[in-house]
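Hi everyone, thanks for making the time today. I'd like to walk you through one chain, so please have the viewer open and follow along.

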Amino acid sequence: MKLYYHPVSTYSQKVLIALYEKQITFDSEIVQLFDPEVKANYEKIYPIGKIPLLIVEDDWKIPESTIIVEYLEGNFEQGTQLIPSAKEAARHVRFHDRMSDLYLNDPTSTLLFELKKAEDIRDQDKIARACKYLDLSYRYLDDKLRDSDWLMGESFTLADCATIPPLFYAQQIHPFGDYANLTAYYKRANARESYEKVLSEALPALEKMGM
């Protein structure tokens with residue numbers, strides 16, 4: 001089993017957290033998509049050219065972070081159970097995963113890219129929309145975490161795998177402010193072995209990015 005990924009990619013980090021939580025052994029290859037030659041070679045493996053990508057037995061290619069985690073949960077019993085067996089609880093986990101992708105991860109990426117531009121060419125409408133969604137996400141997460149350590153209570157799940165990685169970038173460009181529960185949640189995440197390992201692996205690339 002081989003994972004194609006990049007250590008600073010939030011969607012790659014979602015999968016890495018899941019792999020470490022489930023204590024799965026895997027091979028990996030970092031894909032530098034900004035390198036034209038690397039990108040061209042990778043597109044021979046996966047023409048869409050997105051990461052992460054998991055290749056399993058019989059050269060079966062599994063793209064998209066959530067689908068990869070679903071595969072891992074369905075095929076490996078060891079480690080943390082990331083998707084509950086109960087249908088209703090599983091639905092809630094998948095809902096939070098999707099909400100984090102759409103209204104936390106994607107706005108964070110948009111804001112990061114816009115803020116890297118010279119001020120006079122930034123798209124202010126995109127910035128305003130991204131900040132709006134981040135504010136809504138922060139408020140929702142802070143309320144959700146009022147009485148629990150993790151998004152689904154005391155169990156660490158796919159919802160946390162999806163939510164934690166973008167918070168690293170989000171809190172630097174759009175601080176958490178007075179959202180104490182969200183701040184405490186991210187501190188707990190930093191102390192969790194799986195995410196601690198993900199961050200340590202990303203650190204060299206993050207330092208080059210000035211983050």
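**A walk around the largest pocket**

Let me begin with the pocket: α4 supplies the largest share of the lining of the largest pocket, eleven residues. Before going further, please keep in mind that this is a predicted model.

How many residues line the largest pocket in total, and which lie nearest its centre? The lining has 37 residues, and those nearest the centre are Val8, Ser9, Thr10, Ile51 and Phe113. If you look for the elements that give two or more residues to that lining, you find α1, α3, α4 and α8, the last of these spanning 193–208. The space in this largest pocket comes to about 1100 Å³. For those of you thinking about chemistry, the lining divides by class into 19 nonpolar, eight polar and ten charged residues.

Now, where does this pocket sit with respect to the domains? The chain is split into domain 1, residues 2–75, and domain 2, residues 87–192. Both domains give residues to the lining of the largest pocket, so the pocket lies between them. Taken over C-alpha atoms, the centres of the two domains are 22 Å apart. As for direct contact, eleven residues of domain 1 touch 13 residues of domain 2.

Let's stay at the N-terminal end for a moment. The UniProt record, an unreviewed entry, places a feature called "domain: GST N-terminal" at residues 1–80. Across residues 1–80, the chain is 41% helix and 20% strand, with the end C-alpha atoms 19 Å apart.

Helix α3 is a nice one to click on here. This helix covers residues 65–75, and its buried residues are Ser65, Thr66, Ile68, Val69, Tyr71, Leu72 and Glu73. What covers those buried residues? The cover includes α1 (10–21), β3 (53–56) and β4 (60–63), along with α4 (87–116) and α6 (158–173).

Next, some backbone geometry, which I suspect this audience will want to check. Isoleucine 51 and proline 52 are joined by a cis peptide bond, with omega at about 5°. Proline 52 sits in the loop between α2, residues 36–45, and β3. You met Ile51 a minute ago, among the residues nearest the centre of the largest pocket.

A little further along, go to the loop between β3 and β4, where you will find aspartate 58. Aspartate 58 is not a glycine, and yet its phi is positive, about 60°. Is aspartate 58 buried or exposed? Its relative accessibility is 78%, so aspartate 58 counts as exposed, the cut-off being over 50%. Aspartate 59 lies in the loop between β3 and β4 as well. Aspartate 59 also has a positive phi of about 60° without being a glycine.

Let me move on to two buried side-chain environments. Threonine 108 is located in helix α4. With a relative accessibility of 2%, threonine 108 counts as buried, because the limit is under 20%. Not counting residues up to four places away in sequence, threonine 108 touches Leu134, Pro166, Tyr169, Ala170 and Ile173.

Serine 194 belongs to helix α8. Serine 194 has a relative accessibility of 6% and counts as buried. Which residues is serine 194 in contact with, leaving aside neighbours within four places in sequence? They are Ile17, Tyr20 and Glu21.

To finish, here are two exposed loop positions. Glutamate 119 is in the loop between α4 and α5, and its relative accessible area of 62% makes it exposed. Glutamate 119 and proline 63 are 56 residues apart along the chain, and 35 Å separate their C-alpha atoms. Arginine 146 is in the loop between α5 (124–144) and α6. Arginine 146 is exposed too, at 53% relative accessible area. From arginine 146 to alanine 89, the separation is 57 residues in sequence and 19 Å in space, C-alpha to C-alpha.

So, back to where we began: the largest pocket lies between domain 1 and domain 2, and α4 gives the largest share of its lining. Thanks for listening, and I'm happy to rotate the view for anyone who wants another look.

Conventions
Residues are numbered from 1 along each chain as its sequence is written. This is a predicted model: local features need pLDDT of at least 70, side-chain atom pairs count only at pLDDT 80 or more; totals for chains, interfaces and linings use all residues. Side-chain values use heavy atoms; hydrogens and water are left out. UniProt positions are given in the numbering used here, feature names are shortened, and annotations may be inferred rather than shown by experiment. Helices (H or I, at least four residues) and strands (E, at least two) are DSSP runs, numbered from the N terminus. Buried means under 20% relative accessible area, exposed over 50%, partly exposed in between (1.4 Å probe, protein chains only). Contact means heavy atoms within 4.5 Å. On a 1 Å grid over the protein atoms alone, a cavity is a set of points where a 1.4 Å probe fits but cannot get out, and a pocket is an open set with protein on both sides within 12 Å along at least five of seven lines; lining residues have an atom within 4 Å of a point. Grid points are joined across faces, edges and corners, and a volume is the space filled by probe spheres set on the points. Ala, Val, Leu, Ile, Met, Phe, Trp, Tyr, Cys and Pro count as nonpolar, Asp, Glu, Lys and Arg as charged, and the others, Gly among them, as polar. Domain bounds come from an automatic or database domain assignment.
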